[in-house]
Amino acid sequence: MGQSWVAVRVFARSLLIPLVAGHGSVVRPLPRQAVDADQAPWASGAVPEPVPRVSLPNEAGTWCPVAGASGARLGKYSANLAQSCFWFSNGCAIGCHACDGSTRGPEVGPEKRKVCATPMNATLCDERLRTVNTDAECGSAADRYAFTPWRAPGFAPVFDACGMAGGRAAGPGGHGAVYRNTSHAKQGDLGSAVLGALNTNTTWSAGDTVEVSWAITANHGGGYQYRLCPAGEPLNEACFQKTPLPFDRSRKQLFRWGGLDGTKAWFDGDYVSEGTNPPGSTWVKNPIPRNDGFTGAGFAPKCDEVPDCRTTAVESDCLCSGMWGPYNLEIVDYVTLPSSLAPGKYVLGWRWDCEESNQVWASCSDVQITAARASK
Ligand SMILES: *[C@@H]1O[C@H](CO)[C@@H](O)[C@H](O)[C@H]1NC(C)=O
Ligand SMILES: *[C@@H]1O[C@H](CO)[C@@H](O)[C@H](O)[C@H]1NC(C)=O
Ligand SMILES: *[C@@H]1O[C@H](CO)[C@@H](O)[C@H](O)[C@H]1NC(C)=O
């Protein structure tokens, strides 16, 4: 009996291991979070193969693979993003006044749900907008992800609107909450405080619809929003929440494999504007289902998926589903800039509210915005 209990524990641990690491980052425009790309080991330009999994101590695994120039489906991945996908806020549940840095979330069942002294109920209940455990009745005991950020998009607290290096202050902590210290940033540093402007050569016109993209390193479901803050203002939630960017719904969302010249597939995104923060602003669901067998019912892939692909493999052969990446894939959106924007320097913020964990990812990219084009 004792032995079978050990076996169960070992089995449970092996199930949990693939769940521990998170991460995602904006790809274009290149975010400030990519600052470490000039240092070893990322300066080599290529992610090692096989791709190291996020690991402790924070040495081997701090990579954010993204499609290289080759366009090959499983070719070398670029290390251009350095540690961009390690800037986040850990332990942030809806209704909480602050993140606690450590309560990753409901990985083992309802009893581990993060509930603060001031609980907030989920505002997002529609199963078509959920990404994990989608068939659980909203708010029921079986709905173990009910307090995670995506279940009330934009309401969870964060440590910083541009993320924290490693997602939490230095100290023992798991769940991918690591950062490899460099001369630019150390574990626990706030993005808005330590990350300077990074020229992205991106100039946009007010009123235009522009293309932006992000990539998943490890998939925690949920959804995201892009927003703007003038570069000269404090880069905090209050500033970014003044200018959430609407998605251009006349264009579909796009999967792009293998970089700018790579293979493309268009699909209908799942948008939500009710129960969101800022009130009425639109968020879009992360279109990659984990479909991993650990996190309950998922949803149908948005592309013509490879039958029986290896959903839980780190270098998966799946095209648009799974727990890791797919590393060669960018998720492309079209967002519309307000035509009333004053010309100047802005920071494009991206906030990914996860559902499978109490984690919020952030990227901050520098852009120049010029006056709206004269109307025809
Ligand atoms: C959350 O929902 C439950 C059940 O419907 C309700 O009893 C409770 O008052 C709600 N809590 C908040 C903070 O709205
Ligand atoms: C990284 O920096 C943090 C904050 O200064 C420090 O506490 C931690 O010990 C450092 N980690 C390593 C591996 O040097
Ligand atoms: C911006 O342009 C400069 C000059 O062409 C180039 O060196 C730099 O790599 C570019 N930066 C990015 C992020 O593309």
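**Exercise 1.** In this predicted model, determine which members of the largest nonpolar core touch the most other members, and which elements give two or more residues to this core.

*Solution.* Begin with the core itself, which holds 35 residues, and within which W214, Y226, F255 and I369 touch the most other members. Turning next to the secondary structure, one finds that two or more residues come from each of β7 (209-216), β8 (223-230), β9 (253-257), β13 (329-336), β14 and β15. A second core, separate from this one, has 13 residues, among them V27, C85, Y179 and A185. Finally, take F255 as a single case: leaving aside residues up to four places away in sequence, its contacts include A265, F267, P287, I288, C303, C320, L329 and I331, and also K264, K302 and E330.

**Exercise 2.** Locate E356, decide whether it is buried or exposed, and find which side chains make polar contacts with its side chain.

*Solution.* E356 lies in the loop that runs between β14 (344-353) and β15 (359-370). Its relative accessibility is 1%, and because buried means under 20%, E356 counts as buried. Two polar contacts of its side chain can then be listed: one reaches the side chain of H220 at 2.5 Å, and another, of 3.3 Å, joins it to the side chain of R290.

**Exercise 3.** Establish which residues surround ligand 3 and how much of the ligand the protein buries.

*Solution.* The surrounding residues are N199, T200 and N201. For N201, an N or O atom of the side chain is 2.3 Å from an oxygen atom of ligand 3. As for area, ligand 3 taken alone exposes 360 Å², of which the protein buries 31%.

Note on methods:
Residues numbered from 1 in each chain as written. Chains lettered and ligands numbered in written order. Predicted model: local features only at pLDDT ≥ 70, side-chain atom pairs only at ≥ 80, totals over all residues. Heavy atoms only, no water. Near = heavy atom within 4 Å. Polar contact = N/O pair within 3.5 Å; in protein donor to acceptor, adjacent residues only side chain to side chain. Areas by Shrake-Rupley, 256 points an atom, 1.4 Å probe, with all protein chains shown as cover. Helix = DSSP H or I, 4+ residues; strand = E, 2+ residues; numbered from the N terminus. Buried < 20%, exposed > 50% of the residue type's maximum accessible area, 1.4 Å probe, protein only. Core = buried A, V, L, I, M, F, W, Y, C linked by side-chain atoms within 4.5 Å. Contact = heavy atoms within 4.5 Å.
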